[in-house]
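The exercises below are meant to be worked with the sequence and the 3D view open side by side. Try each task before reading its solution.

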Amino acid sequence: MNPILEMRAITKEFPGVKALDGVTFDLYEGEFHSLVGENGAGKSTLMKTLSGVYPYGTYGGDIVIDGEIRQFKTIRDSEHAGVAIIFQELSLVKELTVGENIFLGREPSKFGIINWSELYQKAAKLLQDLNLPIDPRTPVGNLGIGQQQLVEIAKALSQSAKILVLDEPTAALTESEVETLFEILRKLKSRGVGMIYISHKLDEVFEMSDRITVLRDGKTVGTQNAGDLTKDKVIALMVGREVGDIFPKTSHEFGDTALEVRNLNAFDLDNPDKKLVDNVSFSVKKGEVLGISGLMGAGRSELLMSIFGAWQGKSTGEVLVEGKQVSINSPSEAIKNGIGFVTEDRKRFGLLLEQPIRDNMTLAGLKKISGAFVTHLSKETVAARGAMQSLKVKANSPLTVAGTLSGGNQQKVVLGKWLLTNPKVLFLDEPTRGIDVGAKQEIYSEINKLAKEGLAIVMVSSELPEVLGLSDRVLVLHEGKLTGEFSKNEATPEKVMAAATGNH
Ligand SMILES: Nc1ncnc2c1ncn2[C@@H]1O[C@H](COP(=O)(O)OP(=O)(O)OP(=O)(O)O)[C@@H](O)[C@H]1O
Ligand SMILES: [Mg+2]
């Protein structure tokens with residue numbers, strides 16, 4: 001059997017960066033082929049050459065589909081050849097409805113007039129096939145990130161692709177959404193669709209893959225049957241070295257209470273009677289890492305956002321920083337009071353993609369670095385360069401545009417930005433989403449170092465091993481209420497999950 005796709009010696013250069021250096025990759029009908037590698041290894045770039053985002057002529061090597069060399073000039077061209085791609089960063093138009101997004105540019109029409117009822121019928125059918133209880137007339141902006149991701153998949157399916165590329169599709173999905181997705185993918189596999197799956201979640205990679213290809217620094221390290229590999233082997237191939245325990249051995253000395261929260265309530269934006277955070281009180285000491293666990297929708301992000309003055313709905317309660325009551329009605333007041341916040345949705349809240357790393361990093365701490373009104377670009381550059389080095393951001397210089405960084409390196413820039421504000425308390429919401437193992441280890445040791453220096457850290461994460469591995473203490477939320485509190489020694493996956501599901 002011949003492969004349906006062959007990528008031969010693909011090279012791609014950006015100014016000063018050789019992103020791909022002779023990569024080979026192939027895919028068979030009905031195959032699930034995972035593509036893994038560290039942040040910046042070239043995975044997304046490779047898929048952008050395949051899908052015509054980088055047109056023929058801007059990369060070297062050949063893309064062969066069904067035995068024919070293809071010269072795609074646009075994404076449309078690759079779609080015609082049966083390639084559908086779900087990008088790492090969501091690309092739906094928030095203002096349009098779900099149905100409009102699914103058929104964007106391919107609306108059913110007659111004599112140039114769009115047949116709306118047909119469009120919505122077709123969209124409803126697709127969503128139904130996927131078991132997604134979403135009304136196709138809902139504006140996409142009203143959906144959560146997880147549901148938006150599933151709409152992207154519905155869109156790809158509507159193109160009846162032979163080759164489906166999924167770049168980090170589960171980063172923002174709940175466990176049950178991931179299961180839904182995998183069921184769909186298994187169905188597609190049985191219909192002969194070949195899938196290229198990019199993920200940093202190696203459990204998923206091993207659950208689903210026939211073969212695994214590892215990229216490192218723009219080169220293919222190798223392709224093997226998943227059955228012949230183990231997680232540790234894959235990690236070693238990705239990183240180029242053995243990675244031991246990724247969590248630092250923590251022993252933190254606690255100081256005084258840095259932050260105390262009393263009776264915090266946050267109310268639903270659309271339904272002001274509904275509490276998303278229900279009378280939560282807690283405190284965190286200097287030098288302590290406090291983990292907050294809970295299922296999706298438990299109110300974890302809402303809790304942090306309310307304290308930070310970023311919650312759009314109503315919120316009530318008291319916040320004390322270093323024992324003094326403070327009134328925080330906006331993020332800038334939170335920053336003034338010494339609170340920093342690495343948010344979960346870096347595209348929406350965290351980064352200016354068109355701006356250089358320097359400006360992104362120095363934005364929140366601008367006043368501190370530059371004096372009240374004058375900005376000192378050179379001081380900023382130095383500060384940004386320092387943060388880049390300590391976080392090992394992979395980029396040529398502080399002037400590199402943030403949008404050109406790989407996903408994981410963008411996350412490091414967001415972290416760096418908050419560190420330059422010298423906070424007393426740092427909130428981290430899903431700090432390692434989309435980040436490779438090697439970089440995770442670096443971020444964990446950075447968090448550990450910050451705690452040792454006396455910073456109080458409050459971390460929300462859906463990855464239980466991360467919460468358990470890093471936290472000195474774990475709080476658990478269930479439906480907005482605090483349902484568990486465990487010290488490092490008491491916290492086990494079973495106890496935390498029981499509290500998170502309300503079975504405590
Ligand atoms: N548009 C661009 N301009 C300049 N450099 C780029 C651009 N896109 C990617 N790069 C660089 O190419 C390299 C590969 O990036 P790519 O996004 O393919 O990595 P990745 O393997 O997908 O990483 P991640 O796991 O973080 O998503 C990185 O060094 C990145 O900074
Ligand atoms: Mg990527």
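## Exercise 1: A sheet built from antiparallel strands

Task: Find how strand E1 is joined to strand E4, and then place both in their sheet.

Solution. In this predicted model, strand E1 (residues 5-14) and strand E4 (residues 60-65) run antiparallel and are joined by five bridges. One position to look for is Arg8, whose bridge partner in E4 is Asp62. Widening the view, one finds an open sheet of four strands with antiparallel pairing, in the order E2-E1-E4-E5. The edges of this sheet are strand E2 (17-27) and strand E5 (68-69), each of which pairs on one side only.

## Exercise 2: The chain as a whole

Task: Describe the chain by its helices and strands, and decide how its radius of gyration compares with the globule rule.

Solution. Begin with the inventory, which is 18 helices and 22 strands. The radius of gyration is 23 Å, close to the 23 Å that the globule rule gives for 504 residues, so the chain is as compact as a globular protein of that length. Next, consider the extent of the C-alpha trace, which spans about 70 × 50 × 50 Å along its principal axes. Buried residues make up 44% of the 504 residues. Finally, among the contacts with a separation of 6 or more, 68% are accounted for by residues 24 or more positions apart.

## Exercise 3: Domains and the ligand between them

Task: Work out which domains give residues to the shell around ligand 1, and which residues come nearest to the ligand.

Solution. The first step is the domain assignment of the chain, which gives domain 1 (5-239), domain 2 (256-338 + 424-440 + 448-504) and domain 3 (351-422). The contact between domain 1 and domain 3 takes eight residues from domain 1 and seven residues from domain 3. On the side of domain 1 that touches domain 3, the residues divide into two nonpolar, five polar and one charged. The C-alpha centres of these two domains lie 31 Å apart.

The second step is the ligand itself. Around ligand 1 there are 19 residues, of which Phe14, Asn39, Ser44, Thr45 and Ser406 come nearest. Two or more residues of the shell are given by each of E2, helix H1 (43-50) and helix H15 (407-419), and the largest share, three residues, comes from H1. Sorted by class, the shell has five nonpolar, 11 polar and three charged residues. Both domain 1 and domain 3 give residues to this shell, so ligand 1 lies between them.

## Exercise 4: An enclosed strand

Task: Decide how many residues of strand E10 are buried, and identify the strands that pair with E10 in the parallel sense.

Solution. Strand E10 covers residues 194-198, and five of its five residues are buried, so the strand is largely enclosed by the rest of the structure. Looking at the directions of the residues, Gly194, Ile196 and Ile198 point one way, while Met195 and Tyr197 point the other way, and all are buried. For the pairing, strand E3 (residues 32-36) runs parallel to E10 over four bridges, and His33 has Ile196 as its bridge partner in E10. Strand E9 (residues 163-167) also pairs with E10 in the parallel sense, over five bridges, and here Ile163 has Gly194 as its bridge partner.

## Exercise 5: A hairpin and the loop before it

Task: Trace the pairing of strand E16, and then determine whether Gln312 is buried or exposed.

Solution. Strand E13 (residues 257-267) pairs with strand E16 (residues 315-321) in the antiparallel sense over six bridges, with Arg262 standing opposite Glu318 in E16. E16 is also joined by three bridges to strand E17 (residues 324-326), and these two run antiparallel. Within that pair, Val326 in E17 is the bridge partner of Val319. E16 and E17 form a hairpin with two residues between them, and Glu322 in the turn has a positive phi of about 50°.

Turning to the loop between helix H9 (300-307) and E16, one finds Gln312. A residue is exposed if 12 or fewer other C-beta atoms lie within 10 Å of its own, and Gln312, with 10 C-beta neighbours inside 10 Å, therefore counts as exposed. The C-alpha atoms of Gln312 and Glu302, which are 10 residues apart along the chain, are separated by 9.5 Å.

Key:
Residues are numbered from 1 along each chain as its sequence is written. Chains are lettered from A and ligands numbered from 1 in the order in which they are written. This is a predicted model: local features need pLDDT of at least 70, side-chain atom pairs count only at pLDDT 80 or more; totals for chains, interfaces and linings use all residues. Two strands pair if DSSP finds at least two bridges between them. A residue is near a molecule or strand if its C-beta atom, placed from the backbone, lies within 6 Å of it. Ala, Val, Leu, Ile, Met, Phe, Trp, Tyr, Cys and Pro count as nonpolar, Asp, Glu, Lys and Arg as charged, and the others, Gly among them, as polar. Domain bounds come from an automatic or database domain assignment. Two residues are in contact if their C-beta atoms, placed from the backbone, lie within 7 Å. The radius of gyration is taken over C-alpha atoms; the globule rule is 2.2 Å times the number of residues to the power 0.38. A residue is buried if 20 or more other C-beta atoms lie within 10 Å of its own, exposed if 12 or fewer, and partly exposed in between; C-beta atoms are placed from the backbone.
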